[in-house]
Amino acid sequence: MIIENERSSFINIGGEQYELILTTKATKAIASRYDELENLGERLMKAENFEMALDEIVWLLTLMANQSILIYNLKHKDAPKELLTEEEVELLTSPLELVSYKKAITEAMFKGTARNVVSAEEEASKNTQDA
Amino acid sequence: MTTAEVFTRLYYYCTVQMRLSADEFWTMLFGLFMDLWACHKQFLEIEKPLHQQTIDEIIPNTI
């Protein structure tokens with residue numbers, strides 16, 4: 001498994017530290033839920049009510065925290081850890097810390113999609129789309 | 001292109017072209033996967049690395 005710690009973020013849920021990782025699996029789940037990744041930020045920011053914003057954050061936290069557990073379980077098949085559920089995350093998180101959760105999610109997504117190798121063709125295509 | 005099609009294509013690139021396992025594909029950081037795919041294309045000369053030109057490269061010193 002190829003994972004670099006500088007491309008993830010950490011969060012405390014119920015007194016335990018979890019690593020939030022934007023894996024390919026998580027990216028697919030996010031893209032399926034929000035149609036496109038670009039819609040995610042908009043949906044979080046424009047969440048019409050607090051409850052909806054919280055639901056989205058709980059879903060994202062559960063998804064990305066579970067990625068590190070899935071990776072751990074692949075390496076430790078004899079002693080796997082239990083995956084987090086949305087219900088557990090909802091119970092263990094406080095709405096007061098909403099800002100720090102949003103920050104951790106944004107950081108994990110930003111670091112997870114960061115690129116070190118870019119082709120000239122990709123950059124040209126990106127510039128065409130931006131124009 | 002639908003999300004399912006995009007990820008089916010990425011899965012093909014990773015497992016068939018780059019010879020990584022399914023587990024490696026699904027648990028790999030998305031940005032890292034895109035980096036590796038860019039390296040693969042550059043290695044096969046399908047794409048060229050991004051090269052940022054400086055003014056010195058465009059205007060020779062002799063001018």
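Biologist: Which residues in H3(B) are buried?

Modeller: This is a predicted model. In H3(B), the buried residues are Phe30(B), Gly31(B), Leu32(B), Phe33(B), Met34(B) and Ala38(B).

Biologist: How many residues does H3(B) have, and how far does it reach from its first C-alpha to its last?

Modeller: H3(B) has 14 residues, and the distance from its first C-alpha to its last is 20 Å. That is close to the 20 Å expected at 1.5 Å a residue.

Biologist: What about Gln42(B), where is that found?

Modeller: Gln42(B) belongs to helix H3 of chain B.

Biologist: Why does Gln42(B) count as partly exposed?

Modeller: Gln42(B) counts as partly exposed because it has 18 C-beta neighbours inside 10 Å. A residue needs 20 or more to be buried, and 12 or fewer to be exposed.

Biologist: And which residues does Gln42(B) touch, leaving out those up to four places away in sequence?

Modeller: Within chain B, Gln42(B) touches Glu47(B), Lys48(B) and Pro49(B). In chain A, Gln42(B) touches Ser119(A). Residues up to four places away in sequence are not counted here.

Biologist: How far is Gln42(B) from Trp26(B), C-alpha to C-alpha?

Modeller: Their C-alpha atoms are separated by 23 Å, and Gln42(B) and Trp26(B) are 16 residues apart along the chain.

Biologist: Since Ser119(A) came up, how many residues of chain B are in contact with chain A?

Modeller: On the chain B side there are 25 residues, in contact with 29 residues of chain A. Helices H1 (3-17), H2 (22-27) and H3 (30-43) of chain B each supply at least two residues of the side that touches chain A. H3(B) gives the largest share of that side, with ten residues.

Biologist: How many of the residues on that side of chain B are nonpolar, polar and charged?

Modeller: The side of chain B that touches chain A has 14 nonpolar residues, five polar and six charged.

Biologist: Back to H3(B): what follows it?

Modeller: H3(B) is followed by Glu45(B), which has a positive phi near 60 degrees. Glu45(B) is not a glycine. Most residues other than glycine have a negative phi. Glu45(B) sits in the loop between H3 and helix H4 (55-58) of chain B.

Biologist: Is Glu45(B) buried or exposed?

Modeller: Glu45(B) counts as exposed, because it has 7 C-beta neighbours inside 10 Å.

Biologist: And what is the phi of Arg19(B)?

Modeller: Arg19(B) has a positive phi of about 55 degrees, although it is not a glycine. Arg19(B) lies in the loop between H1 and H2 of chain B. With 8 C-beta neighbours inside 10 Å, Arg19(B) counts as exposed.

Biologist: Let us switch to chain A. How many helices and strands does chain A have?

Modeller: Chain A has six helices and two strands. From the N terminus on, the order is β-β-α-α-α-α-α-α.

Biologist: How do strands S1 and S2 of chain A pair?

Modeller: Strand S1 (residues 9-13) and strand S2 (residues 16-20) of chain A pair in the antiparallel sense, over five bridges. One of the bridge partnerships joins Ser9(A) to Leu20(A) in S2(A). The hairpin of S1(A) and S2(A) has two residues between the strands, and Gly14(A) takes a positive phi near 60 degrees there.

Biologist: Which residues does Ile105(A) touch, again leaving out those up to four places away in sequence?

Modeller: Leu20(A), named above as a bridge partner, is one of the residues that Ile105(A) touches. The others are Ile57(A), Leu60(A), Leu61(A) and Met64(A), not counting residues up to four places away in sequence. Ile105(A) is found in helix H5 (residues 98-113) of chain A, and it counts as buried because it has 22 C-beta neighbours inside 10 Å.

Biologist: Where is Leu84(A)?

Modeller: Leu84(A) is in the loop between helix H3 (50-75) and helix H4 (86-92) of chain A. Leu84(A) counts as buried, with 20 C-beta neighbours inside 10 Å. Not counting residues up to four places away in sequence, Leu84(A) touches Thr62(A), Ala65(A), Asn66(A) and Val89(A).

Biologist: What share of chain A is made up of buried residues?

Modeller: Buried residues make up 26% of the 131 residues in chain A.

Note on methods:
Residues are numbered from 1 along each chain as its sequence is written. Chains are lettered from A and ligands numbered from 1 in the order in which they are written. This is a predicted model: local features need pLDDT of at least 70, side-chain atom pairs count only at pLDDT 80 or more; totals for chains, interfaces and linings use all residues. Two residues are in contact if their C-beta atoms, placed from the backbone, lie within 7 Å. Helices (H or I, at least four residues) and strands (E, at least two) are DSSP runs, numbered from the N terminus. Ala, Val, Leu, Ile, Met, Phe, Trp, Tyr, Cys and Pro count as nonpolar, Asp, Glu, Lys and Arg as charged, and the others, Gly among them, as polar. Two strands pair if DSSP finds at least two bridges between them. The expected span of a helix is 1.5 Å times one less than its number of residues.
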